[in-house]
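User: I am new to reading protein models. Could you take me through some features one at a time, with the general idea and then the case here?

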Amino acid sequence: MFEKKYTVHVISHTHWDREWYRTQQQFRMSLVRTVDTVLEYIRDNPGFRCFLLDGQSILIDDYLAVRPEKREEIRNCVAERRLFIGPWYTQPDEFLVSAESLIRNLQLGIRTARSYGRTMRLGWIPDTFGHISQLPQILNEFGIRAAALTRGIGNELPEPRIEFLWRSPDGSEVLVLHQMQGYFSAGLLAFPFFWGDVSNIAPSAKRAAERVSQLLDSLKQAASGPNLVLWNGADHMPPEPGIAETIDELNDISRDYHFVHSDVETLAEAVRASDPELPVVKGELRGSRYHPLLYSILSTRTYLKQRNSRIQRLLERYAEPISALASIVPPQDLSPGAVARYRYPAAELREAWKLLLQNHGHDSIGGCSIDQVHREMITRFDQSEQIASRIAFESLKHLSEVLDTSWAPNDAPMCVCFNPVDRPTRRVVQHEFRLARPLAEPVVALDHDGNAWPAQLLSCEQHSHGWLDRDTTVAGCIGNLPWWQEVLKRMDELDIADFELETSATTDLVLRIYLSDYGGIETGVLGRLAEALQLHDRSARVALRASYVHHKIAFAAPLDAVSYTAYAIVSSREKADPAVVSAMTDTVAVQSRNATHSLLFSGGVIDVEAGGSLRLTTPSGTVYTGLGQIVDQGDGGDTYDFSPVGPERALVLEDEVVVDVLQAGPVKACLEVRYESRLPAWLEAERDRRSLATVNLPVRMQVSVEAGSEVVRIRTAIGNTVSDHRMRAVFPCLPADAPRAPGGSEPTLWVDSPFSIQRRELSPQGVEDWEQKPSSIQPHLSWVGLGDESSAVAVVADGLHEHEIIDTPTGKACALTLLRSVGWLSRGDLSSREGQAGPMIATPEAQCIGDGAFEYAFRVFQSEHELRQNVQSLTDTFVVPLTVATENTPERRAEEARKATTAYDRRQCSYISLHDTGFILTACTKAANAHDLMVVRFFNSRDERVTERLQLAPFITGCNRAHLSEDPIERLRIEEGSVSVTAEPFQIVTLLLRHARR
C-alpha cells in the first residue's frame, strides 16, 4: 500500500437563504423536507457522517415549529456532532447592521444552538457581501478561531490561497478556509449539474471522479499543506444522494487522494495540525476577485436600511439602558410600591431583538429579494419597534416616579430626560406634553440646581378629546367620572386637570373638562367637580366637551453621561431667580434680508444657493459651496448592482427655489427649501438610454441648526415619480477657494464600521481579471469623512449606508446615495457585472415610487486630524435625549421630601461616564445570562493604546472585564468611584458591573 499525499475533506452542507426569491414560509416548506432528509441519512446511513445546516440556529427553530416531535432527534444529532448548527442566529450582512446587532446575533445563535446540544465552533459566512475588519476579534471573543467564507477577497493575497490568517486591528486572528471556487463548487458531485432536482438521475462515480480531478488540480496549487476541501452543497439543497458511497468509490480509484466525509471543525483542526506557513491578511475584505461582491445592495430599498437603523438605535441606546437602570436603582431610594411595579423585561427585549435579527439576513436587509419578502420585513420591523418603544417609555416612566422633584414649582409641568450619550455634553432636548391650557411665553427649563435654560416653544395646539365628548346627564357624569378618569389614564395617559361648568341656551349645562399629562396639578379636582354637579338636578342635560393643549418645546442644557434627570418647564423667567438664568452665547437665529434667509449658528452662516444646494461661511471666513446638491442619474441595474445610464446631472429646476422660515431660534432654527425638477420618467426598452417623456419630481428639504452644535441637519423629502434612477446628495470636501497645487496630496477618506474607524482608498484597485470589476461604491455605518491637513467635511447619515468619492470641478466630493430605483431582482445585461446574481424576477416595489424622507447631516472641521478626534460626536449625531412627562402633585413632592436620603442624590443619576480619549460606547444593558449584572461595552476608536478612567455611579460595587460571550476575564479595582481600563488599538472592551443588592 502507498501513502496518499492529500486528505480531501468532503463537507456536506446547504446554504439556506431564509427568504429571497421565495418567502420565508415558502422556503420553510423546502427546509422541512431537507431536514427530514438529513435526519433520515444520519439515522439510516452510518457512512453519512455529518451535515452542516448553514450556520444559522434559526433554521432549527423554523423546522421544529412544524416538526416539534423531532426535537429530541435533533438534540441527539447535534450533540453527537452529526448535525452542525450555529453560531449565528441569522446570517447577516456585516456592513448594514450595527456592531451590537452582530454581537446579539452571535449571542442568540449560540444560546439557541446550545439549547439543542452544542454550537459549531466556526464562523460560517459563505455568502455575505464582504466582511468587516473586526470580525476576527468578534469571533475570537466567542471562542471561535476559524471561519469559512466565499466573497470579499481582492488583491490581499498575491496568489490564490484556500487558507490564510485574517487579523483584526487589535491583533486577533482567525484561520480562514477560503471557498475560492465557491461554497457550491462540489455540489452534487456525482450528477450532471451542481444544483437542482436529481431525484430521477442515478449517481455516477465516473462523473464524480472527473469533477473531483478538475477541482483538486486547482486546489493543490492554492493549498498550504496536505488538506484539501470539497464544498458539497448549494443553495437550498438537501444532502447529495449516495454521497457516502461516492466517497468510498473515489477512494477505491484514487492514488493521491484520501477522501473523508468530514466537518469544518475537523478540517480547521487538520489544517492547523499540519503547521503550514500561512499568509496574513489584515482589514476589511471587500474585493471581488473570485466572486461578485454585489456592491449596490448598500442602497437598494433604502427605506429598509433607514427603518433598521432607527430600531437598532431604539433598542441599544434607549430601551436596553433605561430598562436596565430602572431595575437597579438603589433600594433606599425606591418606595416599596415602585419596586413591586417594575420587572426587568428580559423576555420582551429578547423578542424585540429576535424580530429585528430576522430582518438582518444578507438578502433581507440587502433589499435583494422579491417584493413580498420585504413587505413581510416591514411587519417584523413594526413589531420590534412596538416592543422596544413601549419598554423605553415604561422604563423611563418608572424612573420618573423615583426621582425627587420636590425642588420644582408645584404648578410646573415636569419632564424626565434620559441622555444616552457616553460623556457629559450639551444637547438640545425636545419635549412634547399636554396641558390643560397653553403656557405663556417666554419659556425656560428649570433644573434641580436652580439653573434656568432658555427654551423655545416649537408649537402649541389645542385638541379636542373626542372619546370623552358626549351629551349626558348630571347623574351620568357623577356616576361615570371615576371610570372616565381611569380610562383616560390607561388608554391615553391623560388625567383630568381642571373644569368649567356653565349654563347654556341649547342644553341645561356645558361641562368643559381640561386634560393634562400631569395628574392632579390641583388636588381634589374630581371631588370638586362632583360637588359642583350635585348642585344641579340629576336629570339636567350636560354637554360634555374635553380638550387639551399639545406643546412641543426645545431647550439646550448640559447633560451628564448615560443619565436621567428632571426639568421643570416654567412659563416665565419670573419663576426662576434671574441671577441663575444661564446665558446662552451659542444660540441660533435666522437672518432675513431682501426676501433671503440665512441660518446663523456656532459653525458659521448657512445660505441657500440658486440650485438648492447650501453655502457655508465659517466663522473664519472660509466658504464651502455646493453642499448637499442633489444629483440624478439613470440606473439600468438590478437590486444587486448599479449600472449607469447617461451622465449624472444636478436636478434641473423648473421654478425658482422657494425658501421659508420654519423655526427662528434661539434653540432651533430651520429653513425649508422647496423646488421641482423634470426628469426622464423611465428607461427605454433597450435600457441604454432614458426616456424622452418626463415627469415632475418634487423636493422639500428642511435645513436646521441647533444651539451649541456645529452640525447642519438636513431632512430631504422626495416624491419619487421616476423609475430606474439613482439620486445622491453631494458634499465637496474642500473650500470653494482652496488652492489646487499641481501634484498635491489627495485628501484622506475615513468611515465608521462596526467597532472600527476605517481609512480607505479613494479609488478602487485597478484590475481587469476580477470576477466583478471593482467599484468605488463603498459602505459606511453612520458617517464618512473626507479631508486633508487644512480642512475636512464629515457627512453623517441615518440609515443611508452608501457613498462614493467623486471628482468635481472644485476637487473631491462625497456623494451620499439617498434613493436607488430598480425594477428587477437580477438582470444579465449590466455594465457593472457580468451574468446574473439571482433569478430574473420583476420587483416593481424596488422602484420606491412614492414619498420618501432622508435624514443626514454634515459638519466642517479644520483638518482631518480634528475630524478623527471628534468621531464620537459624529456617531451620536442622531442619538438625542428621550423625555417623558411625569406627575407633579404637591402630595407627591411632600412625600419625596420626607423620603429624601443623603446616601444618593435622587434628583439625577449618571451611570457611567467616558472622556474624550477615543472610547465609544456601544452597549449598556443587563447581562444575558445573569440579570444581576450590567454589561457596558465600548471600543477604542483610535489606532493606539488608550487608558482611561471610567466614572461609575456610586451604587456600583464590582467590575469585571469580560469577553463578548460575557465570560469574565479579570476583576478590575474600583477606586474613588472610577475604574481604569486599557484598550489596544480598536479593541472591544466588555465590562460586567455589579450593584448593591436591593
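## Cavities, sheets and a buried strand

Analyst: Let us start with the second largest cavity. The residues of its lining divide into one nonpolar, seven polar and four charged. Keep in mind that this is a predicted model.

User: Which residues line the second largest cavity?

Analyst: The lining includes two runs in sequence. Trp-16, Asp-17, Arg-18 and Glu-19 are among the lining residues, and so are Gly-361, His-362, Asp-363 and Ser-364. Gln-56, Thr-90, Gln-91 and Gln-358 line this cavity too. The space inside is about 100 Å³.

User: How many cavities of 30 Å³ or more does the structure hold?

Analyst: There are nine cavities of that size. The largest has a volume of about 460 Å³. Its lining takes in 29 residues, and those closest to the centre are Ser-98, Glu-316, Leu-781, Ser-782 and Thr-875.

User: What classes of residue make up the lining of the largest cavity?

Analyst: Count by class again. This lining has 12 nonpolar, 11 polar and six charged residues.

User: Which helices and strands supply at least two residues of that lining?

Analyst: Two helices and three strands do so: helix 4 (99–115), helix 9 (302–326), strand 32 (748–753), strand 33 (756–760) and strand 43 (919–926). Helix 9 gives the most, with five residues.

User: Helix 9 sounds worth a look. What does helix 9 lie across?

Analyst: Helix 9 lies across strand 43 and strand 44 (933–940). Its direction is at about 50° to strand 43.

User: Take one residue of helix 9, Arg-307. Is Arg-307 buried or exposed?

Analyst: Use the cut-off here: buried means under 20% relative accessible area. Arg-307 has 19%, so it counts as buried. Now look for its contacts. Leaving out residues up to four places away in sequence, Arg-307 touches Ile-378, Phe-381, Asp-382 and Glu-385.

User: Now the sheets. How do strands of a sheet pair?

Analyst: The general idea is simple. Strands of a sheet pair through backbone hydrogen bonds, and the pairing is parallel or antiparallel. In this structure, one open sheet has five strands in the order 43-44-50-46-47, with antiparallel pairing. Its edge strands are strand 43 and strand 47 (968–972), each pairing on one side only. Neighbouring strands are turned by 30° against each other on average, direction ignored.

User: How many bridges join strand 43 to strand 44?

Analyst: Seven bridges join these antiparallel strands. Find Ala-923, which stands opposite Arg-937 in strand 44. A hairpin of six residues joins strand 43 to strand 44.

User: And what comes after strand 44 in the sheet order?

Analyst: Strand 50 does. Seven bridges join strand 44 to strand 50, and the two run antiparallel. One pair to find is Phe-938 with its bridge partner Val-989 in strand 50. Strand 50 (residues 988–995) also pairs with strand 46 (residues 956–962), over six bridges in the antiparallel sense. There, Ala-962 has Thr-990 of strand 50 as its bridge partner.

User: Why is strand 44 described as largely enclosed?

Analyst: Start with the general pattern. In a regular strand, side chains alternate between the two faces of the sheet. Now check each face of strand 44. Leu-933, Val-935, Arg-937 and Phe-939 are buried on one side. Met-934, Val-936, Phe-938 and Asn-940 are buried on the other. Eight of the eight residues of strand 44 are buried, so the rest of the structure largely encloses this strand.

User: What about a sheet with parallel pairing?

Analyst: Look at the open sheet of three strands in the order 8-1-9, where the pairing is parallel. Strand 8 (227–232) and strand 9 (257–262) are the edge strands. The twist averages 25° from one strand to the next. Strand 1 (residues 6–12) and strand 8 run parallel and are joined by six bridges. Within that pair, Val-10 has Leu-230 of strand 8 as its bridge partner.

User: Which helices pack on this sheet?

Analyst: Helix 6 (residues 205–222) packs on the sheet and touches strand 1, strand 8 and strand 9. Its direction makes about 135° with that of strand 8. Helix 7 (residues 243–253) also packs on the sheet, touching strand 1, strand 8 and strand 9. The direction of helix 7 makes about 165° with that of strand 9.

Note on methods:
Residues are numbered from 1 along each chain as its sequence is written. This is a predicted model: local features need pLDDT of at least 70, side-chain atom pairs count only at pLDDT 80 or more; totals for chains, interfaces and linings use all residues. Side-chain values use heavy atoms; hydrogens and water are left out. On a 1 Å grid over the protein atoms alone, a cavity is a set of points where a 1.4 Å probe fits but cannot get out, and a pocket is an open set with protein on both sides within 12 Å along at least five of seven lines; lining residues have an atom within 4 Å of a point. Grid points are joined across faces, edges and corners, and a volume is the space filled by probe spheres set on the points. Helices (H or I, at least four residues) and strands (E, at least two) are DSSP runs, numbered from the N terminus. Ala, Val, Leu, Ile, Met, Phe, Trp, Tyr, Cys and Pro count as nonpolar, Asp, Glu, Lys and Arg as charged, and the others, Gly among them, as polar. Two strands pair if DSSP finds at least two bridges between them. Axes are lines fitted to C-alpha atoms, for helices over the stretch in contact, and angles run from 0 to 180 degrees between N-to-C directions. Contact means heavy atoms within 4.5 Å. Buried means under 20% relative accessible area, exposed over 50%, partly exposed in between (1.4 Å probe, protein chains only).
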